[in-house]
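Here are my notes on this one, written so you can follow along in the viewer. Take the points one at a time and find each spot before moving on.

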Amino acid sequence: MVRDTCRHLWNKTNLRDGFIVTENCYHCNKSRVYFSYEDAPPKDEYKEGEHYFNYAGSAQSMKFDLECEECKAVVTFEEMMGLMQCAGCDQSCHLNILSKICEGQNIWVYAALAYNAGEEIDLSVDKLDVLTSHYTSRLRTPGKKILVVPGSLRKNPATCRGEMLRDVGMLSLTPET
Amino acid sequence: MTVKELQSKLNLNALNAVSDTEVDGAFISDMVSDVMAGAKAGNVWVTVQTHKNVVAAANLVDAPAVIVVRGKKVPEDTVQMADKVGVTLFATDLDTFQIAVKLFEAGVRPTT
C-alpha cells in the first residue's frame, strides 16, 4: 500500500463534507449507515430486496484521505464514517477494557467505525496503523498517544453508548429538502 | 502563555482542574468535524457546544482547553470526561466575538 522505506508523516487531504445518514427497515429493524455528499441528507423511503428503508437520522461530518508529506503516498478512507471514544457502558466490552488499560499509559483509544454498502466493517490493519500514526504525530503533550482500533472491538454495537465524533444537532443550519 | 495564565487574563470560570499546559493559538468553531480537520495541538478551542464529544475531539487534537461561550450549561458527564483526559473546561457569559477579541488582546492568534 505504501513505501516501507519512508517514515511517513501523514496529513489530511481531499477533505469533503457531507452527512452520515442512518436508515432503518420498518419491517425487521435492520439498520444501514452511509455517507451522503448531497447538500441535505436524503430522506426518501425506498425498497431494497426485502427491506423497506426509512430515514432515521443524520449528522454532519467529513471524510478525508491521508497523504504522506515525504513520499506522497495517499491512503484513502472512503469506507470510514468516523471515530468513537468508549463511554464505559459495558465492563465486559473489549473496547472498554482496552481503553481503561491504555488510559493509565496516556494512550487514548478511538474506535474507527467503517461501513461498506450500509453494513459495518473493520478498517484494515494497515489503515488503522496509518490513522494511529497520523493522530499521534500531531500531538504535543509528551508521552501522549492516540491508538485507533477496529469498531468490532465493541461487544454490542446496537447497545453501545459511545458516540461517533460528528455534528449532531447542527441541522438547523442546513436547509431542509 | 499557559492555560492558567489564560484563565487569569480572560477572567474565565474553570469547570475542572486548570492545567499548566502551554497554549499555542486558538481555534473557533461549533463543529466537531471542523476541529478534527483544522485544529492544531496546543490550540484553545472556543465553542458553544457542550456535548462530551467536544472533549473527545479536543483530546484527539491535543487542545489543552475549551472555552464554552454564551453562558451555556455544561453537562456533568462532559466535565467528568474532561477531567479524565486532562482537558480544561472554561465557561463564560461572553459571546464568541468578545472572547476572540480578548484572546487577540492576550496575544493568542489563530494557527495555520
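1. Let's begin with the sheet in chain B. Five strands make an open sheet there, and walking across it you meet them in the order S1-S5-S4-S3-S2, with mixed pairing. At the edges stand S1 (13–14) and S2 (26–28) of chain B, each with a single partner strand, so one side of each has no neighbour in the sheet. Keep in mind throughout that this is a predicted model.

2. Now zoom in on one pair in that sheet. S3 (residues 44–47) and S4 (residues 65–68) of chain B pair in the parallel sense, over 4 bridges. Within this pair, Val46(B) sits opposite Ile67(B) of S4(B).

3. Stay with Ile67(B) for a moment. Which residues is Ile67(B) in contact with, once its neighbours within four places in sequence are left aside? They are Leu12(B), Val44(B), Val46(B), Phe90(B), Thr92(B) and Ile99(B). So the residue facing it across the strand pair, Val46(B), is one of its contacts as well.

4. Ile67(B) also turns up in the largest nonpolar core, which has 71 residues. Ile67(B) is listed among those with the most contacts inside this core, together with Val44(B), Ala57(B), Ala65(B) and Val66(B) from chain B and Tyr110(A) and Ala112(A) from chain A. For background, nonpolar side chains tend to be buried together in soluble globular proteins.

5. Step back to chain B as a whole. It has 5 helices and 5 strands, and along the sequence they follow the pattern α-β-β-α-β-α-β-α-β-α. Its radius of gyration is 12 Å, close to the 13 Å that the globule rule gives for 112 residues, so chain B is as compact as a globular protein of that length. The C-alpha trace spans about 30 × 25 × 25 Å along its principal axes, and 47% of the 112 residues are buried. For contacts in chain B with a separation of 6 or more, residues 24 or more positions apart account for 50%.

6. Chain A has a different list of parts: 2 helices and 10 strands. From the N terminus on, the elements run β-β-β-β-β-β-α-β-β-α-β-β. The radius of gyration of chain A is 18 Å, which agrees with the value near 16 Å for a compact globule of 177 residues. Its C-alpha trace spans about 50 × 40 × 30 Å along the principal axes. Of the 177 residues in chain A, 30% are buried. Among contacts in chain A between residues at least 6 apart in sequence, 71% join residues at least 24 apart.

7. Have a look at helix H1 (residues 94–103) of chain A. Which of its residues are buried? Leu95(A), Asn96(A) and Ser99(A) are. Looking down the axis of H1(A), you find these buried residues within an arc of 100 degrees, so they line one face of the helix. What they pack against is strand S7 (107–116) of chain A.

8. The loop between H1 and S7 of chain A is home to Asn106(A). Its phi is near 60 degrees, a positive value in a residue other than glycine. Most residues other than glycine have a negative phi, which makes this a spot to check by eye. Asn106(A) is partly exposed, with 14 other C-beta atoms within 10 Å.

9. Chain B offers a similar case to look up. Asn11(B) has a positive phi of about 55 degrees although it is not a glycine, and it lies in the loop between helix H1 (3–10) and S1 of chain B. Is Asn11(B) buried or exposed? It counts as exposed, because it has 10 C-beta neighbours inside 10 Å.

10. Finally, the place where the chains meet. Here 21 residues of chain A are in contact with 15 residues of chain B. Strands S1 (10–25), S4 (51–68) and S7 of chain A each supply at least two residues of the side of chain A that touches chain B. S4(A) gives the most, with 4 residues. By class, that side of chain A has 10 nonpolar, 4 polar and 7 charged residues.

Key. Residues are numbered from 1 along each chain as its sequence is written. Chains are lettered from A and ligands numbered from 1 in the order in which they are written. This is a predicted model: local features need pLDDT of at least 70, side-chain atom pairs count only at pLDDT 80 or more; totals for chains, interfaces and linings use all residues. A residue is buried if 20 or more other C-beta atoms lie within 10 Å of its own, exposed if 12 or fewer, and partly exposed in between; C-beta atoms are placed from the backbone. The arc is that of the directions from the helix axis to the C-beta atoms. Two residues are in contact if their C-beta atoms, placed from the backbone, lie within 7 Å. Ala, Val, Leu, Ile, Met, Phe, Trp, Tyr, Cys and Pro count as nonpolar, Asp, Glu, Lys and Arg as charged, and the others, Gly among them, as polar. A nonpolar core is a set of buried Ala, Val, Leu, Ile, Met, Phe, Trp, Tyr and Cys residues joined through C-beta atoms within 7 Å. Two strands pair if DSSP finds at least two bridges between them. The radius of gyration is taken over C-alpha atoms; the globule rule is 2.2 Å times the number of residues to the power 0.38.
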